[in-house]
Amino acid sequence: MRPFFLLAVAFGIAVPSMALSVPDQQPIQNVDSPVHTNDGWSYVDCGLPSDAVEIKSISVSPDPPQPGQDLTVTVEGTAKQEIVAGAYADVVVKLGVVKILTKRFDVCEEARGANASIQCPVQQGTYTVSQTVALPKEIPKAKFVVAVTGYTADEEDMLCLQIKVDFMKRPFPRFW
């Protein structure tokens with residue numbers, strides 16, 4: 001279970017540490033145009049204009065993520081309102097249609113524990129947050145989906161984010 005937790009942490013903590021939230025009952029926006037930075041991973045910001053946090057960009061290094069290597073996730077976003085203690089994010093990691101991890105993160109506690117550059121209360125403004133975790137080499141060769149949904153301390157929507165990570169071995173190109 002630890003490899004899945006670290007996968008969730010890599011993407012899920014970098015995002016929630018900026019106090020992001022997802023309205024899971026809302027329709028997904030921009031589904032036809034996910035942001036692809038490499039064939040190995042992609043993300044969709046499915047948030048609404050009224051969300052407390054807006055994601056501007058996400059980058060990873062190495063790109064694509066590699067089992068057995070440190071993964072640094074950098075998120076740039078804008079807090080449209082102050083984010084205070086009590087904000088949380090729910091992270092769900094799926095392997096196909098099977099949920100392999102469901103975890104609720106206290107945003108402020110996780111930021112403190114990760115020694116993040118942003119700490120609560122988070123004032124309005126634009127921020128860049130980076131988080132590095134060691135990915136175990138035992139991560140299965142599979143495609144994972146990470147959904148991040150979170151809420152402010154007042155239970156208001158903050159952000160919607162869906163991330164796909166493909167750890168499957170690439171087949172040899174066919175020439176016929």
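**A walk from one cysteine outwards**

Cys 46 is buried, with a relative accessible area of just 1%. That's a handy place to start in this model, which is a predicted one. What does Cys 46 form with Cys 160? The two make a disulfide, and their sulfur atoms sit 1.7 Å apart. Turn about the S-S bond and you get -80°, so by its sign this link of Cys 46 and Cys 160 is left-handed. The bond ties together distant parts of the chain: Cys 46 belongs to the loop between E2 and E3, Cys 160 to strand E9 (residues 157-166), and 114 residues separate them. Cys 160 is buried as well, because its relative accessibility of 6% falls under the 20% cut-off.

Stay in that loop for a moment. Asp 51 is also found there, between strand E2 (41-45) and strand E3 (53-61). Is Asp 51 buried or exposed? Asp 51 is buried, and yet it has no salt bridge. The nearest side chain of opposite charge belongs to Lys 80, 7.0 Å away. Why doesn't that pair count as a salt bridge? The cut-off is 4 Å between a side-chain nitrogen of Lys or Arg and a carboxyl oxygen of Asp or Glu, and Lys 80 is 7.0 Å from Asp 51. What Asp 51 does have is a backbone neighbour: a polar atom of its side chain lies 2.9 Å from the backbone nitrogen of Leu 48.

Now for the other disulfide, since the count comes to 2. Cys 108 is joined to Cys 120, with 1.9 Å from S to S. The torsion about this S-S bond is about -85°, so the disulfide of Cys 108 and Cys 120 is left-handed. Here too, distant parts of the chain are linked: Cys 108 is in helix H2 (residues 107-113), while Cys 120 is in the loop between H2 and strand E7 (125-134), 12 residues apart. How buried are the two ends? Cys 108 is buried, at 2% relative accessible area, whereas Cys 120 is partly exposed, at 25%. Number the bonded cysteines along the chain and the disulfides follow the pattern 1-4, 2-3.

Cys 120 has another job for anyone checking backbone geometry. The peptide bond that joins Cys 120 and Pro 121 is cis, with omega about 0°. Pro 121 has its place in the loop between H2 and E7. A cis peptide bond also joins Asp 63 and Pro 64, this one with omega about 10°. Pro 64 is found in the loop between E3 and strand E4 (70-79). While you're looking at torsions, try Glu 155: its phi is positive, about 65°, although the residue is not a glycine. Glu 155 sits in the loop between strand E8 (143-151) and E9.

On to charges. Side chains of opposite charge can pair when their charged atoms come close. How many salt bridges does the rule give here? The count comes to 1. In that salt bridge the side chains of Asp 90 and Arg 104 meet, 2.6 Å from N to O. Asp 90 lies in strand E5 (residues 88-95) and Arg 104 in strand E6 (residues 98-106), so the pair links distant parts of the chain, 14 residues apart. The two ends differ in how open they are: Asp 90 counts as buried at 17% relative accessibility, while Arg 104 is exposed at 52%.

Strand E6 also holds Val 98. Val 98 is partly exposed, because its relative accessible area of 48% falls between the 20% and 50% cut-offs. The C-alpha atoms of Val 98 and Phe 144 are separated by 9.9 Å, with these positions 46 residues apart along the chain.

Finally, zoom out. The secondary structure comes to 2 helices and 9 strands, and reading along the sequence gives α-β-β-β-β-β-β-α-β-β-β. Of the 176 residues, 46% count as buried. Take the contacts between residues at least 6 apart in sequence: 70% of them join residues at least 24 apart. As for the outside, the accessible surface comes to about 9,000 Å², and 51% of it belongs to carbon and sulfur atoms.

Notes:
Residues are numbered from 1 along each chain as its sequence is written. This is a predicted model: local features need pLDDT of at least 70, side-chain atom pairs count only at pLDDT 80 or more; totals for chains, interfaces and linings use all residues. Side-chain values use heavy atoms; hydrogens and water are left out. Helices (H or I, at least four residues) and strands (E, at least two) are DSSP runs, numbered from the N terminus. Buried means under 20% relative accessible area, exposed over 50%, partly exposed in between (1.4 Å probe, protein chains only). Lys and Arg count as positive and Asp and Glu as negative; His and the chain ends are not counted. A polar contact is a pair of N or O atoms within 3.5 Å; within protein, one must be able to donate a hydrogen and the other to accept it, and residues adjacent in sequence count only if both atoms are side-chain atoms. A disulfide is a pair of cysteine sulfur atoms within 2.5 Å. Contact means heavy atoms within 4.5 Å. Accessible areas come from the Shrake-Rupley method with a 1.4 Å probe; for residues, only the protein chains shown count as cover.
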